[in-house]
Amino acid sequence: MAPISFSTHLRECISQNSLRAYLAEFISTFIFVLAAAGSAMSARKLTPETNSDSSGLVLVALANAFSLASAVYISANISGGHANPAVTFGKVVSCRIPIATAIFYWIAQMLASVVACLLLKITTVDHNVMTPGIAKEMTGFGASILEGVLTFGLVYTVFAASDPRQSHMGSVGPIAIGLMAGANVLAAGPFSGGSMNPAYSFGSAIVSGSFRNQAVYWVGPLLGAAVAGLLYDSVVSPPLDSIV
């Protein structure tokens, strides 16, 4: 098979269907980040003593679960329903989408996160957008490993839920993805922040102006996503065809 030229890749990246996919990623990521970041701000306002009240953690976990399930559902048939640069990276590593397309996905996801956090910052006036943070007793290395493991579970669920051979999953797939995200927040939120999403971490950092431990929320999730994609597609359930 002859190699595809750069100009062909470029034309595919700016085709009408591709532009729709980028818009879908922007909207779905915006919806997710708005709910995830907003719930964290609400939890802090309603329960200032978060160290002694677990209701805030439950609130954030539920918001993450519901919003991610919705975000994936509304864009799954258009862009694949990534709403997360780590998911996109896992798809690139497993050769499900080309790098050029992934770059545009990442741009849309990052912009959506910044816009969502900026909207929260402007509309809530005096309230700061909260960024995921790690516990004082944890190291950046440990937090990165934990975020990587959490993201591995999330991305592995994404691959399984979007596998066309799992025809019985149907619309249950996005729910499974949302439940995994919510469970991970409950399990590790107080320790590493439970972000699992570099776009969310990036957008909140840009708007809040705090980039502390930002590498934790990139290195860990991207590596975890890569392992999940390779493991699912190469070992557990090798695909019959390349599927976006």
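This is a short walk through the predicted model shown above, from the whole protein down to single residues.

Let's begin with the overall build. The secondary structure comes to nine helices and zero strands, so if you trace the elements from the N terminus you will meet α nine times in a row, written α-α-α-α-α-α-α-α-α. The protein has 244 residues, and 45% of them count as buried. Its exposed surface comes to about 11,900 Å², with carbon and sulfur atoms supplying 69% of that area. There is also something to notice about how the chain meets itself. Among contacts with a separation of 6 or more, 79% are between residues 24 or more positions apart.

Now find helix 4, residues 85–93. Seven of its nine residues are buried, so helix 4 is largely enclosed by the rest of the structure. The buried ones are P85, A86, V87, T88, G90, K91 and V92. What do the buried residues of helix 4 pack against? Their partners are helix 5, helix 6, helix 8 and helix 9. Look at the two ends of helix 4 as well. At its start, a side-chain oxygen of N84 comes to within 2.8 Å of the backbone nitrogen of A86. Just after its end, C95 takes a positive phi of about 65°, although C95 is not a glycine. This residue sits in the loop between helix 4 and helix 5. Is C95 buried or exposed? With a relative accessible area of 58%, C95 is exposed.

From helix 4 we can step across to helix 6, which spans residues 140–161 and holds F159. F159 has 0% relative accessibility and therefore counts as buried, since the cut-off for that label is under 20%. Leaving out residues up to four places away in sequence, F159 touches G90, K91, S94, R96, G229, Y232 and D233. Two of these names, G90 and K91, are already familiar from the buried residues of helix 4. You can also try locating F159 and G173 together: they are 14 residues apart in sequence, and their C-alpha atoms are 9.7 Å apart in space.

Next comes helix 8, residues 198–208. Helix 8 is mostly covered, with eight of its 11 residues buried. These are P198, A199, Y200, S201, G203, S204, A205 and V207. Which helices help to cover them? The cover includes helix 2 (16–46), helix 4, helix 5 (99–123) and helix 9. The start of helix 8 has a side-chain oxygen of N197 within 3.0 Å of the backbone nitrogen of A199. Just after helix 8, G209 takes a positive phi of about 80°.

A little before helix 8, in the loop that follows helix 7 (172–192), you will find S195. Its relative accessibility is 2%, so S195 counts as buried. The side chains of S195 and S201 are joined by a polar contact of 2.7 Å. Setting aside neighbours within four places in sequence, S195 is in contact with P132, E147, Y200, S201 and Y217.

Y217 leads us to helix 9, residues 216–236. Helix 8 and helix 9 pack at an angle of about 170°, with their axes 9 Å apart. That angle makes helix 8 roughly antiparallel to helix 9. Where they meet, P198, S201 and F202 come from helix 8, while Y217, W218, P221 and L222 come from helix 9. Sorted by class, this contact has six nonpolar residues, one polar residue and no charged residues. In the loop between helix 8 and helix 9 lies N213. Its phi is near 60°, a positive value in a residue other than glycine. N213 is partly exposed, with a relative accessible area of 29%.

For a last stop, return to helix 2, where S39 is found. S39 counts as buried because its relative accessibility is 7%. Not counting its neighbours within four places in sequence, S39 is in contact with L59, V60, A63 and N64.

How values were computed:
Residues numbered from 1 in each chain as written. Predicted model: local features only at pLDDT ≥ 70, side-chain atom pairs only at ≥ 80, totals over all residues. Heavy atoms only, no water. Axes fitted to C-alpha atoms, helices over the stretch in contact; angles between N-to-C directions. Helix = DSSP H or I, 4+ residues; strand = E, 2+ residues; numbered from the N terminus. Parallel < 35°, antiparallel > 145°, perpendicular 65-115°, else oblique. Contact = heavy atoms within 4.5 Å. Nonpolar A, V, L, I, M, F, W, Y, C, P; charged D, E, K, R; others polar. Buried < 20%, exposed > 50% of the residue type's maximum accessible area, 1.4 Å probe, protein only. Areas by Shrake-Rupley, 256 points an atom, 1.4 Å probe, with all protein chains shown as cover. Polar contact = N/O pair within 3.5 Å; in protein donor to acceptor, adjacent residues only side chain to side chain.
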